[in-house]
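Biologist: I have a model open and would like to learn how to read its features one by one. Could we go through it together?

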Amino acid sequence: MNHKRLNPGYPAVRLRRLRGSKSLRDLFAETSLSVNDLVYPLFVTEGENVRDEITSMPGQFRYSVDRLEEELEELEALGINAVLVFGIPDSKDDAGSEAYRTDGIAQRALRRIKDLRPKIVAISDVCLCEYTSHGHCGLVSGEEILNDQSLDLIAKTALSHAQNGADIVAPSDMMDGRVGAVRRVLDDNGFEKTPIISYAAKFASSFYGPFRDAAGSAPRFGDRRSYQMDYRNAYESLREIELDLLEGADAVMVKPALAYLDLVRRAKEAFDVPVAAYNVSGEYSMIKAADRMGWIDGEAAMIETLTSIKRSGADIIITYFAKEAAKLL
Ligand code: PBG
């Protein structure tokens, strides 16, 4: 600290004075977590009467469209106002056609959500990887993941989500130019008011493991390092964010959260736009696993984690802990 000290420090200064009781601590807390900040990811699958626990994500479920009602009711009762929808289709092909079909799984889920609970903000994850047979986020030629040829399909998917009720679309594929492509298609079709949360700084990460299990979206060959970011790079993440903002993103995301909190802070300070952080599947499952082993207090670790994400500057936290946290807040 370089501001001038008013006194010589201890014993005149004792920082413990403001930590003396819970009420004092609460009064002077710099950060507060609110249920309004939380977004709950929802996995929606084909079939009927499905409520299938995801093995690698204890406490998280895949729901069929007809079972969404009970889940939405619980979310609303807990005060959670936003969901992030992931569709898990039955059939996949090279071009991910189920991603942009009017009666695709995400589209039906979005219609149902808006039908049942119009006040819940339905954010849709826009990506092809759950829908392509090769599991990559774009079209593939040989071993190459094609950029420009994928943009049309990604934009088409976003439009189809908006047409079926998505309040916000969130492209997560990391192709160059996708935010602009999505913005143009939305604007050309009367959805100029639909916001985009861009997964702007999304890193190739080992922390997505449980999600890929849940969504069956692991790549069949290679990995995602030719499109998702290299975790050694911070300045480049700021360029990704800046470009997405220039292309029309309304809010930007850093993903994963915990190993990247420095970038959440830098993004917030550099651009002062709404920043979302995605507390991803691996971050959730690590706490759950350690809690189950009796090695940490899972509940305390959860609140500490979510508070640290907020403290780092995130305005919005996407987290599988949303329901559990809401119960404690
Ligand atoms: C789709 C997508 C992924 C996640 C969110 N959207 C997986 C990936 O990029 O492989 C990961 C979410 C999580 O791990 O919780 N591209």
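**Reading the model, feature by feature**

Modeller: Happily, and let us begin with threonine 132, which counts as buried because its relative accessibility is 1%. Please keep in mind throughout that this is a predicted model.

Biologist: Where does threonine 132 lie, and which residues does it touch?

Modeller: Threonine 132 sits in the loop between strand E5 (121–126) and strand E6 (140–141). Leaving aside residues up to four places away in sequence, its contacts are Lys92, Asp93, Asp94, Ala95, Gly96 and Gly138.

Biologist: Now a charged residue. Is lysine 323 buried or exposed?

Modeller: The general idea is that a residue counts as buried when its relative accessible area is under 20%. Lysine 323 has 10% relative accessibility, so it counts as buried. Its place is in helix H11 (residues 322–328). Again not counting residues up to four places away in sequence, lysine 323 touches Tyr40, Tyr63, Glu71, Glu74, Leu75, Leu78 and Ile80.

Biologist: How do I read burial along a whole helix? Which residues of helix H8 are buried, for instance?

Modeller: List the buried residues, then look down the axis. In H8 (residues 261–271), Leu261, Leu263, Val264, Ala267 and Lys268 are buried. Viewed along the axis of H8, these buried residues fall within an arc of 160°, so they line one face of the helix.

Biologist: And what covers the buried residues of H8?

Modeller: The cover includes helix H7 (235–246), strand E10 (251–255), strand E11 (275–279) and helix H10 (298–311).

Biologist: Let us turn to the surface. Which residues form a nonpolar patch there?

Modeller: Leu18, Leu24, Leu27 and Phe28 do, and together they have about 380 Å² of accessible area. Take leucine 27 as an example: it is found in helix H1 (residues 22–28). Leucine 27 counts as exposed because its relative accessibility is 64%, and the cut-off for exposed is over 50%.

Biologist: Next, aromatic rings. What should I look at in a pair?

Modeller: A pair of aromatic rings is described by how far apart the centres are and by the angle of the planes. A search of the whole structure here finds 10 aromatic pairs. One of them joins phenylalanine 43 and phenylalanine 211; this pair is tilted, with 5.6 Å centre to centre and 50° between the planes.

Biologist: Where in the chain do those two phenylalanines, 43 and 211, lie?

Modeller: Phenylalanine 43 is in strand E1 (residues 38–45) and phenylalanine 211 in helix H6 (residues 209–215), so far as sequence goes 168 residues apart, and the pair links distant parts of the chain. Phenylalanine 43 counts as buried at 1% relative accessibility, and phenylalanine 211 is also buried, with a relative accessible area of 13%.

Biologist: What kind of pair do phenylalanine 43 and tyrosine 320 form?

Modeller: Phenylalanine 43 and tyrosine 320 form a stacked pair, at 6.1 Å centre to centre and 0° between the planes. Tyrosine 320 lies in the loop between strand E12 (316–319) and H11 while phenylalanine 43 lies in E1, so the pair ties together parts that are 277 residues apart in sequence. Both phenylalanine 43 and tyrosine 320 are buried.

Biologist: Which residues make up the aromatic cluster?

Modeller: One cluster is formed by Phe43, Phe86, Tyr199, Phe211, Tyr278, Tyr284, Tyr320 and Phe321.

Biologist: Finally, the backbone. What is the usual pattern?

Modeller: Most peptide bonds are trans, and most residues other than glycine have a negative phi. Against that background, look at the bond from tyrosine 10 to proline 11, which is cis with omega near 10°. Proline 11 lies in the segment before H1. The peptide bond from lysine 255 to proline 256 is also cis, with omega near -10°, and proline 256 lies in the loop between E10 and H8.

Biologist: And which residues have a positive phi although they are not glycines?

Modeller: Among them is asparagine 49, with a phi of about 55°. Asparagine 49 lies in the loop between E1 and strand E2 (51–53) and counts as exposed, at 52% relative accessibility. Another is aspartate 272, with a positive phi of about 45°. Aspartate 272 follows H8, in the loop between H8 and E11. At 60% relative accessibility, aspartate 272 counts as exposed.

Definitions and conventions. Residues are numbered from 1 along each chain as its sequence is written. This is a predicted model: local features need pLDDT of at least 70, side-chain atom pairs count only at pLDDT 80 or more; totals for chains, interfaces and linings use all residues. Side-chain values use heavy atoms; hydrogens and water are left out. Helices (H or I, at least four residues) and strands (E, at least two) are DSSP runs, numbered from the N terminus. Buried means under 20% relative accessible area, exposed over 50%, partly exposed in between (1.4 Å probe, protein chains only). Contact means heavy atoms within 4.5 Å. The arc is that of the directions from the helix axis to the C-beta atoms. Patches are made of residues with over 30% relative accessible area and no salt bridge: like charges are joined within 9 Å, nonpolar side chains (Val, Leu, Ile, Met, Phe, Trp, Tyr) within 5 Å. Accessible areas come from the Shrake-Rupley method with a 1.4 Å probe; for residues, only the protein chains shown count as cover. A salt bridge is a side-chain nitrogen of Lys or Arg within 4 Å of a carboxyl oxygen of Asp or Glu. Rings of Phe, Tyr and Trp (its six-membered ring) pair if their centres lie within 6.5 Å; planes under 30 degrees apart count as stacked, over 60 as edge-to-face and the rest as tilted.
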